[in-house]
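Please open the model in your viewer and keep the sequence panel beside it. This tour suggests what to select at each stop and then says what is found there.

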Amino acid sequence: MAASCLPCTWLPAFELDHALEPLLLLSSNRRMKLISPSSCNNSNITRFGKTTAVSAKSEKVAPEVKRRVVVTGLGAVTPLGDDAHLFYTKLLEGVSGISQIEGFDCSELPTRIAGEIKTLLTDGLVPPKHAKRADNYLIYALIAGKKALADAGITEQVSGELNKNRCGVLIGTAMGSMRALKDGIDAIKISYKKMSPFSVPYSMTSMASAIIAMDLEWMGPNYAISSACATSNCCILTAANHIIKGDADLMLCGGSDGVIIPEGIAGFIACNNLSRRNSDPTKASRPWDSDRDGFVMGEGAGVILLEELEHAKRRGAEIYAEFMGGSFTCDAYHKSESRLDGFGAVACVESSGLGAVACMEKALTNSGVSREDVNYINAHATSTRVGDPREFKAVMHCFGQNPELRMNSTKSMTGHLLGAAGAVEAIATVKAIQTGWIHPNINLENPDKDVDTRVLVGPKKERLDIKVAMSNSFGFGGHNSSILFAVHK
């Protein structure tokens, strides 16, 4: 066989008559030129021992129009309630969801407080078979996902009209079902015959996405991402990319976690991460305050519906905000601490390009957003000694020249929802854009000497005309993520 460039050698024989046509990759909404004969150095194409002369003339292809992504639905299950809009109202009022743990006896533990969900009405949103057996993280994801759909006006009738091959689900979790794993371990100590057939399925981190897709019959992209506290942001950005690439028109995305159980609390106590302000729970989560003593565990789920702009317009959807883009990076440094050179001295940042600074700057580049336009940051700010000031320095390095910049921490009222934190905070960010109000930082009574209180929101909600908002999530293992939203124009 005569030599030729590889892409020109594998066409089946039935395409021989079309040798003069460029090869095209077809998607449901656009045509992308994959390769044409003119892109080969050899003007002859060899197939199955035959040589066919081809023209070197190339076909002009119209430039692609980038598919835009908007937010059309919000669903939340949080310590402040299971309605996304009511949740934000409580944030604006400065209400804390931190309280004494009631789900189990924690009297012997040094930490006895959390952002615990006390009661939860399923309202027919969770099938009985799952309500009886599934872990809380699955229950929370199901409820938040369906509430996001309802909020977006996706009724049964509308759902029936959707192309379900182009609807996907990407809901992650940091911890998955610790309860299912524990129950399985307890059972095997007695006998393998005591193992539940649901132990393995319900402990899989992808099961929330799978169960929601089964319930909705959505057959588009479906999986989960687990990247510690950065999980939700990773899911949201990846889901948006599926829409941009043309893989889907709608994506339910976010995160869910529910590990306020003895093993979950004790595990984080062992890491020496949790606040022990048991006598005053509502004052325990205090980002950037000099009296903070660790973060407070929370639980719940956040799910947003991302939709391709023209698709949303055609069905008359309300658009809350536009998703602009984002970025992931990795510190590659420590299991639970961020890189100092990623948050510290400017010289170190510029020489290493690592950490949160690199993540935020890459997010700006990827989204085409100017740093001068970012005037609101929903910070990761967990209320830890090391993390809070380092993130503050990183933000100031990137955006400190903007006199309009304002920053707050949703975790001051919800605690840290782990893999769900980013999605719940994305909801808070979108609601800030929609309402023009940003929520307070509660418990910021004695600010760290290294923070600029002119940037941090005070104890009351504030009016802000948001141009572009950034939401940060940084996780154990050095996972960094930043996503950007703006007013849809």
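Begin with the whole protein chain, coloured by burial if your viewer allows it: of its 489 residues, 54% count as buried. The chain exposes about 21,300 Å² in all, and carbon and sulfur atoms supply 54% of that area. If you switch to a cartoon view, the secondary structure comes to 16 helices and 18 strands. Among the contacts in the chain with a separation of 6 or more, 77% are made by residues 24 or more positions apart.

**Colour by confidence**

Remember that this is a predicted model, and colour it by pLDDT before looking at details. The mean pLDDT of the protein chain is 85, and 82% of its residues reach 70 or more. Now select residues 1-59, where the pLDDT is below 50, although this stretch has 80 contacts in the model beyond near neighbours in sequence. Select residues 340-353 as well, where the pLDDT is again below 50 and where the model has 26 contacts beyond near neighbours in sequence.

**Select helix α8**

Go next to residues 231-245, which form helix α8. How far apart should the ends of this helix be, at 1.5 Å a residue? The 15 residues should span 21 Å, and the end C-alpha atoms are 21 Å apart, which agrees. Then ask how many of the residues of α8 are buried. The count is 12 of the 15, so the helix is largely enclosed by the rest of the structure. The buried residues include Thr 231, Cys 234, Cys 235, Leu 237, His 242 and Ile 243, which you can pick out one after another along the helix. Just after the helix comes Gly 246, whose phi is positive, near 95 degrees.

**Select Tyr 192 and its patch**

Now turn to the surface and show the side chains of Ile 188, Tyr 192 and Met 195, which make a nonpolar surface patch of about 320 Å². Tyr 192 is placed in the loop between α5 (178-190) and α6 (199-203). With a relative accessible area of 60%, Tyr 192 lies above the 50% cut-off and is therefore exposed.

**Select two residues with positive phi**

Most residues other than glycine have a negative phi, and the next two stops depart from that pattern. Asn 272 is not a glycine, yet its phi is positive, about 60 degrees. You will find Asn 272 in the loop between α9 (262-270) and β11 (300-308), where it is exposed, with a relative accessible area of 63%. Ser 383 also has a positive phi, near 90 degrees, and is likewise a residue other than glycine. Is Ser 383, in the loop between β13 (374-378) and α14 (387-399), buried or exposed? Its relative accessibility is 0%, so Ser 383 counts as buried.

**Select the salt bridges**

For the last part of the tour, display charged side chains, among which the count comes to 23 salt bridges. Start with Glu 322 and Arg 68, whose closest N and O atoms are 2.8 Å apart in a salt bridge. Glu 322 lies in strand β12 (residues 321-330) and Arg 68 in the loop between β4 (50-53) and β5 (69-77), so the pair ties together parts that are 254 residues apart in sequence. Glu 322 is buried, with a relative accessible area of 7%, whereas Arg 68 is partly exposed, with 33%.

Move on to Asp 388 and Arg 292, whose side chains meet in a salt bridge with an N to O distance of 3.5 Å. Asp 388 belongs to helix α14 and Arg 292 to the loop between α9 and β11, so this pair ties together parts that are 96 residues apart in sequence. Asp 388 is buried, at 1% relative accessible area, and Arg 292 is also buried, at 2%.

A further stop is the salt bridge in which the side chains of Asp 452 and Arg 454 meet, at 3.0 Å from N to O. Here Arg 454 counts as exposed, with 68% relative accessibility. Finally, select Lys 283, Arg 286, Asp 289 and Glu 445 together, because salt bridges that share partners join these residues into one network.

Key:
Residues numbered from 1 in each chain as written. Heavy atoms only, no water. Helix = DSSP H or I, 4+ residues; strand = E, 2+ residues; numbered from the N terminus. Expected span 1.5 Å × (residues − 1). Buried < 20%, exposed > 50% of the residue type's maximum accessible area, 1.4 Å probe, protein only. Patch = residues over 30% accessible without salt bridge, like charges linked within 9 Å, V, L, I, M, F, W, Y side chains within 5 Å. Areas by Shrake-Rupley, 256 points an atom, 1.4 Å probe, with all protein chains shown as cover. Salt bridge = Lys/Arg side-chain N within 4 Å of Asp/Glu carboxyl O. pLDDT = per-residue confidence, 0-100. Contact = heavy atoms within 4.5 Å.
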